[in-house]
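Visitor: I should like to take a close look at a single part of this protein. Please guide me through it in one connected account.

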Amino acid sequence: MKRIWALKSTPEHMAKTISKSLCLSTIVSDILAQRKLQDPEKVIEFLHPTVLSLASPFCFQHMKRVIERMTLALKSQEKVLVYGDYDVDGVTSTALLYKVLTDLGFQAVAYIPHRQDEGYGLHEGAIRRAAKANVKVIITVDCGVTAVSEVTIARELNIDVIITDHHEPPELLPEAYAILNPKIADSGYPFRDLAGVGVAFKLAQALIQSLGNGGTEFQTERNLLDLVALGTIADLVPLIGENRVFVYHGLRQMEKSRHPGLDALLEECGLKNKPLKAGQIGFMVAPRINAAGRMDSAREGLELLLTEDSAGAAELARLLTKENQARQDTEKEILTEAIAMLEKDPLPRVIVLSSDHWHHGVIGIVASRLVERYYRPVFMISEEGTEAKGSARGIPGYPVLEQLKTQADLLIKFGGHSAAAGFSLLTDNIPGLREGLNQQAKAFEESLFQEVLHIDRKVSLNEISSELLHELDQLGPFGFGNSGPILATQGLEVYSLNAVGKERNHLKFRFGNHGEHEGIAFRLGDRISELSNSPRLDVAFSLDWNTFQGLDKVQLMIKDILPKADLVKDDYDGFLENDENQVGEQIAVAQESDDILWMNWEDFFPDAWSVEERRQIWLWDALQSESQCQPWEDNLIRKYFPSASKHKQSPSHADLNNLRVNDGLGLILGLPLSEEDFEEAIKKLHELGIYQMVVVGCQEIQEERVRKRCRHLTRDELIQFYRELRSLGHERNPFEVYLDSEMKQGMRIALEIFEELGLIRCLGGSEKITLELIPVNVKLDLDTSVRYRYSKQRYEQAISFQRAFIEKLKLRGENR
């Protein structure tokens, strides 16, 4: 099926700001701006994610209660059961939490249900067996949020259930001892897209911070990040926010993993001692762990991740490779049969296929393959007598779980996400489900079922270089929610074209006058005749390294290639684009407007206004680290005007006397940092219907306040901070520092810079941070830190802007 190519729109003003501030190419700056990274600070956090940015695990509303219960379990040596799931997310969650509990001295047991015999989720039989084994606490990982009746049974058996899950919660939650799930209402956690292993990690963090590190050896959260990265990549959660931090640092931890099983698995995949990418983990490592749970029992995968025996780990890794090969063979057979079924009739909007001899553990993967081939939502069903189990995969804009809810009366059980779901039903209800889903699909626009290839940027052949690829690599790790950039070139000259591979099912191209650029198109071998007839082609591609005989060359990884592509503009996606000149014009108009009054602190007496008048006043506080608009607050005014109550007379400034306060008044407190900052204040006040404004506090520049707002530390301050850390590191390395007060924010900024420079490694913690000092034998240049360089630049530009701003105000005052 021919795909439409949609070229994404770029918010040009944002892109220019990013490129100018951070010295990035226009191509990469355009892509960053498209991904809604709207200012340089957000770009820095994206390109250089830090473990220091992770939220405290105690943000979870129930975490304190969980730690209290676990403290009692440890003191009483109660038996704790970690109950997981058989996919990679569930297996890594189980392994991670079991390791932490046993290291902390808990009496822990790990259990993963059998896919075929028990199926997904918490089961009554397992709970009753746990009760007989004297288990007092069950911790679910990657499951449990829908286990209402099972949790009730556990309570009746005097077992406390702590649920850690990330799936969408039902309306009625289980009456568990505690629930840690960022998707439940009022969970307290600021990031809702954690994988199951991410939630398990937050519990592990809380346990280590509360119950660990009492001895001479530090237990470090960083040592767990390789498992967190593996589960996060495999579960296809968006690689943004905290997930990006987990995967970015987890891949680096994986390269020197302390888990023999994971190390053996990398060796088996040919990835040992190599820089790792998320794609390699998702396509080579994760499927081997998944294979065991899909074909039989996930316990072999769990055993691999838990073992401390290197020789045993190598044997288990080889066994999982065999399991994965068997899974691939079964998958190919089912896929071939499914395609044959579909080719008989016109393609429906929603594909619903079933058979009585399909392996339930593999049908989810086959569903994904069919989505790739036909670009339709796919529901694959394995019939098992009178009952059947299914797996569903969706396309963008088609919420699988929501669509299953419309057919709830035909289903026994269902759950999952908008992109993927599992369900069970009576075999006799399969035709009804097929009809119901397709009937429901008529509500969607036909264009939803036409595949669109989103192009990040058009480029010329001359712009493709190793320098560009190095910059693009900084946008990784790539995956769901942060896809690898797709570039496009139209009318690309074809120098040569050949079919390659054992089955000659791949195409190798050389482009350009002299064939200087190489491209590879996988699984497009059957199109060689069609493409050979076109001397020029439109090519959509990503860039990657092709390493041969120790040399790295840039290669085009072709996503689509056509004699003539249908290239359209991508739909509007929420950007409010302001042309740079328009912004300047708005500020100039505002600055010349008679509705804006400029005042110094000593001319301003807040108590001159009555209570009724104050209700009409809004404040734009430009003195905080984050400017914000809020209603009048006496406490805030007292903060900046401690002697205000002494002045009972009316304001002496004649213009202020003429203000119509009842029409609404905006007070801008302090000097803006930039034209954009000032324009934002005017814009927010205009949105409130306020067109009379007073800028207060513009007599002089407060350089120290400006420096704090710009998060800029001087070279001398950084040197002093580093000396403190080095002194602590000489006494004990790793060591701990406290960052639990506003006074310590300067230290936090310094740590982010030092981490970026490779001077320290953050091993974990929230308010109390565990750090490792890294020996450095060469002199480092502070300007190599993007964070330091940008904060310094921002500070200098702010001071320059405020000087010009004050001069303009003085001139305006003289003219009045």
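How many bridges join strand 14 to strand 17, and do these strands run parallel or antiparallel, which of the two?

Guide: The model is a predicted one. In it, strand 14, comprising residues 487–500, and strand 17, comprising residues 536–548, run antiparallel and are joined by five bridges. One position in this pairing can be located by residue: Glu493 stands opposite Arg536 of strand 17.

Strand 17 also pairs with strand 18, which spans residues 551–562. This second pairing is likewise in the antiparallel sense, and it extends over eleven bridges. Here Thr547 stands opposite Asp552 of strand 18. Strand 17 is thus bridged both to strand 14 and to strand 18. As a general point for reading such strands, side chains in a regular strand alternate between the two faces of the sheet.

Two loop residues elsewhere in the chain may be set beside this part. Gln692 lies in the loop between helix 24 (675–687) and strand 24 (693–696). Gln692 counts as buried because its relative accessible area is 7%, under the 20% limit. A polar atom of the Gln692 side chain lies 3.1 Å from the backbone oxygen of Gly664.

Leu780 is placed in another loop, between strand 27 (768–773) and helix 28 (786–815). Its relative accessibility is 37%, so Leu780 counts as partly exposed. Together with Val776 and Val778, Leu780 makes a nonpolar surface patch of about 230 Å².

Definitions and conventions: Residues are numbered from 1 along each chain as its sequence is written. This is a predicted model: local features need pLDDT of at least 70, side-chain atom pairs count only at pLDDT 80 or more; totals for chains, interfaces and linings use all residues. Side-chain values use heavy atoms; hydrogens and water are left out. Patches are made of residues with over 30% relative accessible area and no salt bridge: like charges are joined within 9 Å, nonpolar side chains (Val, Leu, Ile, Met, Phe, Trp, Tyr) within 5 Å. Accessible areas come from the Shrake-Rupley method with a 1.4 Å probe; for residues, only the protein chains shown count as cover. A salt bridge is a side-chain nitrogen of Lys or Arg within 4 Å of a carboxyl oxygen of Asp or Glu. Helices (H or I, at least four residues) and strands (E, at least two) are DSSP runs, numbered from the N terminus. Buried means under 20% relative accessible area, exposed over 50%, partly exposed in between (1.4 Å probe, protein chains only). Two strands pair if DSSP finds at least two bridges between them. A polar contact is a pair of N or O atoms within 3.5 Å; within protein, one must be able to donate a hydrogen and the other to accept it, and residues adjacent in sequence count only if both atoms are side-chain atoms.
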